Amino acid sequence: MIRSGIGYDIHRFAGGLKLILGGVEIAHARGLEGHSDADVLSHAIADALLGAIGAGDIGQHFPNTESFRGISSIEILKRVAELLARKNARVLNVDATVIAEAPKIAPHSTAMRQNIAAAIGVSESDVSVKATTNEKLGPIGQGEGIAAVAIATVEIVRSGD
């Protein structure tokens, strides 16, 4: 059975934090505020993968508790991939878009794809990372934060199939 899931995440900028997207630290004046490392790209992908197998969302599996404070979002993706494996689900494809006015994402997209692919156990060619701006509209367009949206397609093998 082929299933798809959609994920979305948004975090606001804050001073004194690292900016991490797709497991890549990007030089920028501000980072994203969040309970984990606030990697919106990895969070959107995790939600898409969880949605594809009907397993809720990232907040259910990784709540804002002390045990998850500062957790790497690449580690979150690894744990989600383990959950998929337990459900006999195999990732076929992930397509994600980062929405930000700055910084430029394209110079980092290959490293992001590599990190994400390794975390979820697929080939780099099975992961797409793109970027766009919000054309200066709304909070993202005004440079207040970054958002990401993702879709994941998985194949679930039922016993006896």
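Buried, as used in these legends, means under 20% relative accessible area, exposed means over 50%, and partly exposed is anything in between (1.4 Å probe, protein chains only). What you see is a predicted model, so local features need pLDDT of at least 70, side-chain atom pairs count only at pLDDT 80 or more, and totals for chains, interfaces and linings use all residues. Residues are numbered from 1 along each chain as its sequence is written, and side-chain values use heavy atoms, with hydrogens and water left out.

**View 1. The whole protein chain, before zooming in.** Of its 161 residues, 47% count as buried. Helices (H or I, at least four residues) and strands (E, at least two) are DSSP runs, numbered from the N terminus. On that basis the protein chain has 5 helices and 7 strands, and going along the sequence they come in the order β-β-β-β-α-α-α-β-α-β-α-β. The radius of gyration (taken over C-alpha atoms) is 15 Å, close to the 15 Å from the globule rule for 161 residues, so the protein chain is as compact as a globular protein of that length. That rule is 2.2 Å times the number of residues to the power 0.38. If you drew a box around the C-alpha atoms along the principal axes, it would be roughly 55 × 35 × 25 Å.

**View 2. Contacts and charges across the protein chain.** A contact here means heavy atoms within 4.5 Å. Take the contacts between residues at least 6 apart in sequence: 73% of them join residues at least 24 apart. The accessible surface (Shrake-Rupley method, 1.4 Å probe) adds up to about 7,900 Å², and carbon and sulfur atoms own 50% of it. As for charges, Lys and Arg count as positive and Asp and Glu as negative, while His and the chain ends are not counted. There are 15 positive and 18 negative charges, and their mean positions sit 1 Å apart.

**View 3. The Asp 95 and Lys 130 pair.** Side chains of opposite charge can pair when their charged atoms come close. The rule for a salt bridge is a side-chain nitrogen of Lys or Arg within 4 Å of a carboxyl oxygen of Asp or Glu. By this rule the protein chain has 7 salt bridges. One of them joins Asp 95 and Lys 130, at 2.4 Å from N to O. Asp 95 belongs to strand β5 (residues 89-99) and Lys 130 to strand β6 (residues 127-132), so the pair ties together parts that are 35 residues apart in sequence. Asp 95 is partly exposed at 28% relative accessibility, and Lys 130 is partly exposed with a relative accessible area of 35%.

**View 4. The loops that hold Lys 136 and Glu 101.** Lys 136 makes a salt bridge with Glu 101, with 3.9 Å between the closest N and O atoms. Lys 136 sits in the loop between β6 and α5 (138-141), Glu 101 in the loop between β5 and α4 (109-120), and the two are 35 residues apart. Is Lys 136 buried or exposed? At 57% relative accessibility, Lys 136 counts as exposed, whereas Glu 101 is partly exposed at 21%.

**View 5. Arg 113 and Glu 124.** Here's another salt bridge, with the closest N and O atoms of Arg 113 and Glu 124 being 3.6 Å apart. Arg 113 is in helix α4, Glu 124 is in the loop between α4 and β6, and 11 residues separate them. Arg 113 is partly exposed at 22%, and Glu 124 is partly exposed at 26%.

**View 6. Backbone oddities.** Most residues other than glycine have a negative phi, and most peptide bonds are trans. Now look at Ala 38, whose phi is near 60°, a positive value. Ala 38 lies in the loop between β4 (31-32) and α1 (40-52) and is buried, with a relative accessible area of 0%. Lys 136, back again from View 4, has a positive phi of about 65° although it is not a glycine. What about the peptide bond from Ala 102 to Pro 103? That bond is cis, with omega near 0°, and Pro 103 lies in the loop between β5 and α4.

**View 7. Around Val 80.** Val 80 is in helix α3 (residues 73-86) and counts as buried at 2% relative accessibility. Which residues is Val 80 in contact with, leaving aside neighbours within four places in sequence? They are Ala 46, Leu 49, Leu 50 and Phe 62. Ile 58 is 22 residues from Val 80 in sequence, and their C-alpha atoms are 8.8 Å apart in space.

Notes: The place of a charge is taken as NZ of Lys, CZ of Arg, CG of Asp or CD of Glu.
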